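Please look through the sequence and the predicted model shown here before reading on. The paragraphs that follow begin with a group of charged side chains and then move to a sheet.

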Amino acid sequence: IAVKGAAEGISNESSAAAQYLWRVTTIESPPPGGLGIQNPSLKIDPTGKAHVAYLRKDDRVLRYATATLTPQGPWIAESVATLSLSSLNGNSLALDSTNKAHIGFVPGDASSNLMYTTNAGGTWLTPIRATTEYCPSSSLAMAPDGTAHFGCGANSITDATKRYLKH
């Protein structure tokens, strides 16, 4: 997984265009022939430190990484939770007022239950089910008082319901 991007058609020769060029920084690479990395979610805290949550598909582990000095690294990655399948319908990373991570994620199993975990207590909380309703896509935000808020939506023709959850 890498933090990267590109500005098409912009030359390195122009100083005005240089501000649009992206720097590539590798956070973690899958093993040769591996299944890869899936669903990164990125936040930048007020100090400029980057935080990323993602699924490492080879061992089905939800991971969290932070850049220790700048968004370019060096990076420290840690395991958050092991999933039953090597897929993730999505994850959403949010930071609270103390820059602790909160992650909402939807495992790729048939239930599509929204799960929640945080490292706000110093270690990762065992993921808890935020809802038993079908929720294959979600977005997480933290209120200034530390309350987690989820936007949850179903993406099927039979269930186009959008939901709002507050923890």
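A good place to begin is Arg63, which is buried because its relative accessible area is 10%, and residues count as buried when this value is under 20%. With which residue does the side chain of Arg63 meet in a salt bridge? The partner is Glu28, and the N to O distance between the two side chains is 3.3 Å. This pair links distant parts of the chain, since Arg63 belongs to strand S5 (residues 61–70) while Glu28 sits in the loop between S2 and S3, 35 residues apart. Glu28 is itself buried, with a relative accessible area of 11%.

Glu28 also takes part in a salt bridge with Arg56, where the side chains meet at 2.6 Å, N to O. Here too distant parts of the chain are linked, because Arg56 is found in strand S4 (residues 50–56) and Glu28 in the loop between strand S2 (25–26) and strand S3 (37–44), with 28 residues separating them. Arg56 is buried, at a relative accessible area of 17%, and Arg56 forms a salt bridge with Asp59 as well, the closest N and O atoms being 2.5 Å apart. Is Asp59 buried or partly exposed? With a relative accessible area of 29%, Asp59 is partly exposed, because that value falls between the 20% limit for buried residues and the 50% limit for exposed ones. The structure holds three salt bridges, and Glu28, Arg56, Asp59 and Arg63 are linked by salt bridges in a network.

The next part to follow is the sheet. Four strands form this open sheet in the order S7-S8-S9-S10, and the pairing is antiparallel. S7 and strand S10 (128–129) stand at the edges and have a single partner strand each, so one side of each is left without a neighbour in the sheet. Moving along the order, strand S7 (residues 88–95) is joined to S8 by seven bridges, the two running antiparallel, and the hairpin they form has five residues between the strands, among them Asn99, which takes a positive phi near 65 degrees. S8 is then joined to strand S9 (residues 115–118) by four bridges, again in an antiparallel arrangement, and one of the residue pairs across these two strands sets Ile103 opposite Thr117. Finally, two bridges join S9 to S10, which also run antiparallel, and Met115 has Arg129 as its bridge partner in S10.

How many of the residues of strand S8 (residues 101–107) are buried? Seven of its seven residues are, which leaves the strand mostly covered. In a regular strand, side chains alternate between the two faces of the sheet. For S8, both faces are covered, with Ala101, Ile103, Phe105 and Pro107 buried on one side and His102, Gly104 and Val106 buried on the other. The neighbouring S9 is likewise covered on both faces, where Met115 and Thr117 lie on one side, Tyr116 and Thr118 lie on the other, and all are buried.

One residue of S8 helps to draw this picture together, namely His102, which lies in that strand. His102 counts as buried because its relative accessibility is 4%. On the side of S7, Ala94 stands opposite His102, and in S9 the bridge partner of His102 is Thr118. The side chains of His102 and Thr118 are also joined by a polar contact of 3.2 Å, so the reader can look for this pair twice, once as bridge partners and once as side chains in polar contact, defined as N or O atoms within 3.5 Å. Which other side chain is joined to His102 by a polar contact, at 2.9 Å? That side chain belongs to Asp96. Leaving aside residues up to four places away in sequence, His102 touches Ser92, Leu93, Ala94, Asp96, Tyr116, Thr117, Thr118, Ala120, Leu140 and Met142.

Conventions: Residues numbered from 1 in each chain as written. Predicted model: local features only at pLDDT ≥ 70, side-chain atom pairs only at ≥ 80, totals over all residues. Heavy atoms only, no water. Buried < 20%, exposed > 50% of the residue type's maximum accessible area, 1.4 Å probe, protein only. Pairing = 2+ DSSP bridges. Salt bridge = Lys/Arg side-chain N within 4 Å of Asp/Glu carboxyl O. Polar contact = N/O pair within 3.5 Å; in protein donor to acceptor, adjacent residues only side chain to side chain. Contact = heavy atoms within 4.5 Å.
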